[in-house]
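Work through the exercises below with the sequence and the model at hand. Each task is followed by a solution in steps.

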Amino acid sequence: MTEDESFEGGCFCGHVRYRLQGRPIFVQCCHCRDCQRQSGGAFVINGMMEAERVETLSGEAVGVSMPTDSGRPHDIHRCPHCQTAVWSDYGRRGWLRFIRMLTLDRAHEFPPQAHIFTRTKVPWVALPADQPAFEIYYDPKVLWPEQARTRWQEALTKSGAAR
Ligand SMILES: [Zn+2]
Ligand SMILES: [Zn+2]
């Protein structure tokens, strides 16, 4: 990752615009039923990003609380006008955002580094052989590059949420 790289994105109508400082910590493609139903698509591609590295350029996405089976909060932040989902906050952590990667202007430059919840993947989507896929989830300690784990840990510590 080059620290000075930045990537802009936004909602469909252009009201909400944001800029990522650097590449996401990790990009994953989720095939779970929640993602499918909430997006109306076959999957959602999320990039985990420290909240402080996400700069709002214009507009303000509004959080919409999703009911979850676990009871753990999941807020999807959407443009108040066109309702495009631009990022999610799983667990109301605040310090971490799950950027909807396809809202980036250069969306096609971020292939998923893992596929999760493939047990509910639609059967007609074939996954590339070089992208690791998991029936449910994976162990980040095993899968993530060291740099990703370091960034996560640093952001967690800085947030004061570390146990
Ligand atoms: Zn919009
Ligand atoms: Zn999902």
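**Exercise 1. Cysteine burial and the zinc site**

Classify cysteine 30 and cysteine 32 as buried or exposed in this predicted model, then describe the protein donors of the zinc ion (ligand 2).

Step 1. Buried means under 20% relative accessible area. Cysteine 30 has a relative accessibility of 6% and therefore counts as buried.

Step 2. Cysteine 32 also counts as buried, because its relative accessibility is 13%.

Step 3. The protein donors of the zinc ion (ligand 2) are the SG atoms of Cys30, Cys32 and Cys35, at 2.1 to 2.3 Å from the ion.

Step 4. Along the sequence, the spacing of these donor residues reads C-x1-C-x2-C.

**Exercise 2. A salt bridge between distant parts of the sequence**

Which parts does the pair of aspartate 105 and arginine 17 tie together?

Step 1. The side chains of aspartate 105 and arginine 17 form a salt bridge, with an N to O distance of 2.7 Å.

Step 2. Aspartate 105 belongs to the loop between β9 (96-100) and β10 (114-116), while arginine 17 is in strand β2 (residues 17-21), so the pair connects parts 88 residues apart in sequence.

Step 3. Arginine 17 has a relative accessible area of 22%, so the residue is classed as partly exposed.

Step 4. A network of salt bridges links Asp105 and Arg17 with Glu8, Arg19 and Glu55. The structure holds 11 salt bridges.

**Exercise 3. Two further pairs**

Give the N to O distance for the salt bridge of glutamate 50 with arginine 53 and for that of aspartate 139 with lysine 141, and state the accessibility class of each partner.

Step 1. Between glutamate 50 and arginine 53 the distance is 3.4 Å. Both glutamate 50 and arginine 53 are buried.

Step 2. Between aspartate 139 and lysine 141 the distance is 3.9 Å.

Step 3. Aspartate 139 is partly exposed, at 35% relative accessible area. Lysine 141, at 63%, is exposed.

**Exercise 4. An open sheet**

In what order do the three strands of the open sheet stand, and which of them are at the edges?

Step 1. The order is β1-β2-β5, with antiparallel pairing.

Step 2. β1 (6-10) and β5 (54-58) each have a single partner strand and stand at the edges, so each has one side without a neighbour in the sheet.

Step 3. From one strand to the next, the twist averages 25 degrees.

Step 4. Four bridges join β2 and β5 in the antiparallel sense. Tyrosine 18 lies opposite threonine 56 of β5.

Key: Residues numbered from 1 in each chain as written. Chains lettered and ligands numbered in written order. Predicted model: local features only at pLDDT ≥ 70, side-chain atom pairs only at ≥ 80, totals over all residues. Heavy atoms only, no water. Donors = N, O, S within 2.8 Å, 3.2 Å for Na, K, Ca; no water. Buried < 20%, exposed > 50% of the residue type's maximum accessible area, 1.4 Å probe, protein only. Salt bridge = Lys/Arg side-chain N within 4 Å of Asp/Glu carboxyl O. Helix = DSSP H or I, 4+ residues; strand = E, 2+ residues; numbered from the N terminus. Pairing = 2+ DSSP bridges. Axes fitted to C-alpha atoms, helices over the stretch in contact; angles between N-to-C directions.
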